[in-house]
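Good morning, and thank you for joining this group meeting. Please look at the sequence and the structure as they appear, and keep both in view while I speak.

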Amino acid sequence: CIIEDETGVSKTALTKMYSILMNSSLHSKASAGTLHDLGRIEEELREGGVTSNSSDNSPCVLARLKEILGCADESTMEDSTDVARQIFHLIREICESRSPIFQSAPAALFRRSGSGRTEAVSELLDWFAESVLEPTFFEIKVDASLIEDDLVLRFQTIRKVARKLLNTGALVVVFFDEVNTSSIVGLFKEIIIDHSICGERLEQNIVVVAACNPARSQTNIVSQREEDLGKDWASGH
């Protein structure tokens, strides 16, 4: 898809909105799934005898879980570590089986949480509740300095995400801005028209949108330049 319009028209915002709309159902399902998983963690803790006297006062399951964690932290060190580790293991178990639309947890955060530190597990709970998803919109600003190697490298990251999301129903939207300013027109033609890069077919869930400014004839450019020169001359006489 190629969008042709003057500079100042928000082609980037339009394309990003298209990406959001096409993937909106996935975001809704992800949020609902995370809420369900948090409830599952709370239920597992309750079945194991881990509760808080005031935990049922909050309508937010995340707040209740953090209150349970906080109450454990106020008790003995052994109890605190045990509850934190239970929550950590439950989150890790869920992360291993949930949809690939979700981003993987930061490795450093997982390492800190695995030690049973209450603060780290609380931070892990916050991350989990945010339902951080893989990006589905990639903007590439094009100018004459963009070389083939840079573009191929960017697409390695994009294709990696697309392959991960291939069976989720997600669309990965790639937006090229000012594509007509490029010095590597051949590669852009292959990506936009042939839906391939360096001879390899792009993943079927990748949608490429390119924006360019309207073509201007050389005659119009010369006429505009003559008009500008005339104004400059007139202003000095």
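In what sense do strand S1 and strand S6 pair, and over how many bridges? Strand S1, which covers residues 2-4, pairs with S6 in the parallel sense, and 3 bridges connect them. One of the places to find this pairing is Ile2, whose bridge partner in S6 is Ala210. I should say at once that we are looking at a predicted model.

Strand S6 has a second partner to consider. S3 and S6 also run parallel, and they are joined by 5 bridges. Here you may look for Val174, which has Val208 as its bridge partner in S6. As for its surroundings, S6 is mostly covered, with 6 of its 7 residues buried.

Let us take one residue of this strand, Val209 in S6. Is Val209 buried or exposed? Its relative accessible area is 5%, and because a residue under 20% is called buried, Val209 is buried. Setting aside residues up to four places away in sequence, Val209 touches Cys1, Ile3, Thr15, Val173, Val174, Phe175 and Phe176. Val209 also shows how the chain brings distant positions together: Thr12 is 197 residues away from Val209 in sequence, yet their C-alpha atoms are 9.7 Å apart in space.

Let me now step back to the whole chain. The chain has 9 helices and 6 strands. Of its 237 residues, 40% are buried. If we consider contacts between residues at least 6 apart in sequence, 74% of them join residues at least 24 apart. The accessible surface of the chain is about 13600 Å², and carbon and sulfur atoms account for 53% of that surface.

We turn next to the interior. The largest nonpolar core contains 31 residues, and Leu151, Phe155, Phe176, Phe188 and Ile191 are those with the most contacts inside it. Which helices and strands each supply at least two residues of this core? They are helix H2 (24-47), strand S2 (137-141), helix H7 (148-164), strand S3 (172-177), helix H8 (185-192) and strand S6 (206-212). H7 gives the largest share, with 5 residues. Apart from this core there is another one, of 24 residues, which includes Leu45, Val61, Leu65 and Leu69.

Phe176 is a useful residue to select on your screen. When its neighbours within four places in sequence are left aside, Phe176 is in contact with Ile140, Val142, Leu151, Phe155, Phe188, Ile191, Ile192, Val208, Val209, Ala210 and Ala211.

Now for some loops. Leu202 is placed in the loop between S5 and S6, and at 6% relative accessibility Leu202 counts as buried. Not counting residues up to four places away in sequence, Leu202 touches Phe155, Arg159, Ile191, His195, Ser196, Ile197 and Val208. Leu202 and Ala162 are 40 residues apart along the chain, and 9.1 Å separates their C-alpha atoms.

His195, which Leu202 touches, lies in the loop between H8 and strand S4 (196-197). Phi of His195 is near 55°, a positive value in a residue other than glycine. Cys198, in the loop between S4 and strand S5 (200-201), also has a phi near 55°. What of their accessibility? His195 has a relative accessibility of 18% and therefore counts as buried, the limit being under 20%. Cys198 has a relative accessible area of 54% and is therefore exposed, as the limit there is over 50%.

Two further places deserve attention. Where does Ser113 lie? Ser113 is in helix H5, residues 107-114, and is buried, with a relative accessible area of 0%. Beyond its neighbours within four places in sequence, Ser113 is in contact with Phe88, Ala120, Val121 and Leu124.

Finally, we come to the surface. Met17, Ile20 and Leu21 form a nonpolar patch there, with about 300 Å² of accessible area together. Met17 belongs to helix H1, residues 11-22, and is partly exposed, with a relative accessible area of 43%.

To close, I return to the opening topic: S6 pairs in the parallel sense with S1, runs parallel to S3 as well, and is mostly covered. Thank you for your attention.

Conventions
Residues numbered from 1 in each chain as written. Predicted model: local features only at pLDDT ≥ 70, side-chain atom pairs only at ≥ 80, totals over all residues. Heavy atoms only, no water. Core = buried A, V, L, I, M, F, W, Y, C linked by side-chain atoms within 4.5 Å. Buried < 20%, exposed > 50% of the residue type's maximum accessible area, 1.4 Å probe, protein only. Helix = DSSP H or I, 4+ residues; strand = E, 2+ residues; numbered from the N terminus. Contact = heavy atoms within 4.5 Å. Patch = residues over 30% accessible without salt bridge, like charges linked within 9 Å, V, L, I, M, F, W, Y side chains within 5 Å. Areas by Shrake-Rupley, 256 points an atom, 1.4 Å probe, with all protein chains shown as cover. Salt bridge = Lys/Arg side-chain N within 4 Å of Asp/Glu carboxyl O. Pairing = 2+ DSSP bridges.
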